[in-house]
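Reader: I should like to go through the terms applied to this structure and hear the reasoning behind each of them. Please set each value against its cut-off.

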Amino acid sequence: MKMTVEEIRRACGGKLLCGDPEAVVTSVSTDSRKIEPGALFVPIKGERTDAHAYITATFAAGAVATLTEEHTEMEDSHAWIRVPNTLSALQLIATAYRQRFSIPVVGVTGSVGKTTTKEMIALALSAEKKVMRTEGNHNSQVGLPLTMFRLEPEHEVAVVEMGMSDFGEMSRLAEIAAPNCAVITNIGISHIQQLKTQQNILGEKLHIIDRFQEDSVLFLNGDDPMLAGLRGKLRVKTRYFGMQPWCDDRAEQIAFHPNGVRFVFRTNGIAQEVDLPVLGLHNVTNALASLAVAHFLGVDLEKAAKALQEYQPLAMRQQLHRHKGITVIDDSYNASPDALKSSLDMLENLREQDGRCIAALADMLELGALEHRAHFEVGAYAAGTGVDALVTVGTRAAAIAEGARSVKPEIPCHVCASNEEAVEVLKGLLRCGDVVLVKGSRGMHTDEIVKKLLEYLG
């Protein structure tokens with residue numbers, strides 16, 4: 001990126017307290033530990049730390065400018081820009097910077113699968129285009145603005161993940177990214193504690209189209225009941241992807257094999273064979289979204305499908321580890337009822353001969369009044385999929401064991417209070433040929449279970 005201090009001041013409506021208005025900023029950071037020469041530092045007040053305390057250190061590391069909401073006067077060779085709120089200013093600057101680019105911007109949101117879908121879309125588009133994509137899951141009120149600053153003149157398309165957990169957040173993100181193509185993966189109950197109902201979640205997600213133009217297109221998952229219910233009701237152009245025969249972009253002839261899944265992608269009378277190196281029907285859905293977007297943006301389908309053959313899961317997202325005849329599925333990044341059910345579905349495809357399917361499942365957070373019912377239903381679903389044993393972690397997850405026993409009274413269930421206890425149970429439980437899924441909300445740190453298990457298995 002490249003913006004002058006004066007361009008930044010105008011974008012955020014701030015006041016230059018001191019410094020050269022023509023100084024050039026080449027990066028933006030909210031982390032004082034990750035300052036590059038030429039950076040603008042944006043100090044944000046958090047619950048525990050006020051980053052204004054690190055402004056001087058960022059100048060020593062090479063920053064040329066800073067925002068501030070605490071200072072009204074300053075004398076310094078560096079540029080200080082006074083703003084009412086540094087987070088709002090960051091968003092305004094990112095909005096102005098994004099407006100310099102006329103390339104397609106694909107926004108991706110949904111309750112489950114945002115990051116994987118974003119990665120697959122970027123991969124499919126990269127078959128013929130120079131792509132800027134969100135790194136990791138930097139999809140928040142801070143992460144998305146920082147992502148937009150990574151746009152450079154050589155980029156031909158951007159794929160950005162857009163996450164929200166409360167009212168009004170998606171509207172702000174849409175203003176910043178101004179996507180002219182958008183994907184909604186599904187509508188689940190993640191963050192229902194804040195948003196109260198699924199209908200509210202749907203309504204908030206739909207703000208992703210706030211900046212749509214006449215030629216913009218919204219891609220929706222036709223297998224999701226709430227999204228399918230929008231057919232013919234939106235003011236924007238839509239395309240549906242999914243398994244339903246009426247979907248514009250659909251998967252047919254789906255066949256799982258030990259190392260992935262094959263299917264035929266069909267759109268507008270065109271059929272393209274696809275071979276994904278990952279398991280799970282949900283990954284077919286993610287790939288459908290990526291191919292639908294790539295085809296719409298003019299990428300050759302055969303090249304896009306070939307690019308998807310190189311897809312590799314991100315860390316802690318259904319990563320497979322095989323040691324001493326035991327398969328550990330590290331899906332510990334996060335958890336919601338829908339995501340958990342999708343992960344349970346893929347267990348059976350990884351079962352070795354005479355091996356067992358075991359699920360180590362921790363609390364799902366932010367479910368509000370639906371907390372007990374959601375955990376209970378996941379347990380019932382797990383028992384119905386043929387899981388041979390359950391290990392639960394946390395007070396909420398104890399309801400998973402209740403749900404499983406309601407369907408299959410004889411299923412072994414080990415209710416644990418901590419990750420450490422769960423590891424010890426698994427050590428005594430696992431044997432050659434078994435496959436174990438490890439999953440829970442991020443706040444439960446179930447990656448600790450995976451780490452200890454892999455150390456134990458050597």
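Author: The model is a predicted one. A suitable place to begin is Tyr 97, which is buried, with a relative accessible area of 3%.

Reader: Why is Tyr 97 called buried?

Author: Buried means under 20% relative accessible area. Tyr 97 has a relative accessible area of 3%, so it is buried. Phe 101, with a relative accessible area of 14%, is buried because that value is also under 20%.

Reader: What makes Tyr 97 and Phe 101 an aromatic pair, and is the pair stacked, tilted or edge-to-face?

Author: Ring centres must lie within 6.5 Å, and planes over 60 degrees apart count as edge-to-face. The rings of Tyr 97 and Phe 101 are 5.3 Å apart, centre to centre, with 65° between the planes, so the pair is edge-to-face.

Reader: Why is the pair of Tyr 97 and Phe 149 called tilted?

Author: Planes under 30 degrees apart count as stacked and those over 60 as edge-to-face, the rest being tilted. For Tyr 97 and Phe 149 the angle between the planes is 45° and the centres are 5.8 Å apart, so this is a tilted pair. Tyr 97 lies in helix H3 (residues 86–98), whereas Phe 149 lies in the loop between helix H5 (143–148) and strand S10 (157–161), so the pair ties together parts that are 52 residues apart in sequence. Both Tyr 97 and Phe 149 are buried. Ring pairs link Tyr 97, Phe 101 and Phe 149 into a cluster, and the structure holds five aromatic pairs.

Reader: Helix H3 also holds Thr 95. How do you know that Thr 95 is buried, and which residues does it contact?

Author: The relative accessible area of Thr 95 is 10%, which is under 20%, so Thr 95 is buried. Apart from neighbours within four places in sequence, Thr 95 is in contact with Glu 175 and Ile 176.

Reader: What makes Arg 231 a charge over the ring of Trp 246?

Author: One requirement is that CZ of Arg be within 6 Å of the ring centre. The charged end of Arg 231 sits over the ring of Trp 246 at 3.8 Å from its centre. Arg 317 lies over the face of Tyr 333, with 3.8 Å to the ring centre.

Reader: Why are helices H13 and H14 called oblique to each other?

Author: Two packed helices are described by the angle between their axes and the distance between the axes. The axes of H13 (residues 371–385) and H14 (residues 398–407) come within 6 Å and cross at roughly 45°. Angles under 35 degrees count as roughly parallel and 65 to 115 as roughly perpendicular. The angle of roughly 45° is in neither range, and H13 and H14 are therefore oblique. Their crossing is right-handed. Residues making the contact include His 372, His 375 and Phe 376 of H13, and Ala 399, Ile 400 and Glu 402 of H14.

Reader: What makes H4 oblique to H11?

Author: The axes of H4 (residues 114–125) and H11 come within 7 Å and cross at roughly 130°. Roughly perpendicular covers 65 to 115 degrees and roughly antiparallel begins over 145. An angle of roughly 130° falls in neither class, so H4 is oblique to H11. H4 passes H11 in a right-handed crossing, where Met 120, Leu 123 and Ala 124 in H4 meet Ala 304, Ala 307 and Leu 308 in H11.

Reader: Why is Thr 395 called exposed, and Arg 396 partly exposed?

Author: Exposed means over 50% relative accessible area, buried under 20%, and partly exposed in between. Thr 395 has 71% relative accessibility, so it counts as exposed. Arg 396 has a relative accessible area of 31%, between the two cut-offs, and is therefore partly exposed. Thr 395 is found in the loop between strand S20 (389–393) and H14, and Arg 396 lies in the loop between S20 and H14. Not counting residues up to four places away in sequence, Arg 396 touches Asp 363, Met 364, Leu 365, Glu 371 and His 375.

Reader: What are the phi values of Met 316 and Lys 324, and is each residue buried or exposed?

Author: Most residues other than glycine have a negative phi. Phi of Met 316 is near 65°, and Lys 324 has a positive phi of about 50°. Met 316 is buried because its relative accessible area of 17% is under 20%. Lys 324 is exposed, since its 62% is over 50%.

Conventions. Residues numbered from 1 in each chain as written. Predicted model: local features only at pLDDT ≥ 70, side-chain atom pairs only at ≥ 80, totals over all residues. Heavy atoms only, no water. Phe/Tyr/Trp six-rings, centres within 6.5 Å; stacked < 30°, edge-to-face > 60°. Buried < 20%, exposed > 50% of the residue type's maximum accessible area, 1.4 Å probe, protein only. Helix = DSSP H or I, 4+ residues; strand = E, 2+ residues; numbered from the N terminus. Lys NZ or Arg CZ within 6 Å of the ring centre and 35° of its normal. Axes fitted to C-alpha atoms, helices over the stretch in contact; angles between N-to-C directions. Left-handed = near helix turned anticlockwise from the far one by under 90°. Contact = heavy atoms within 4.5 Å.
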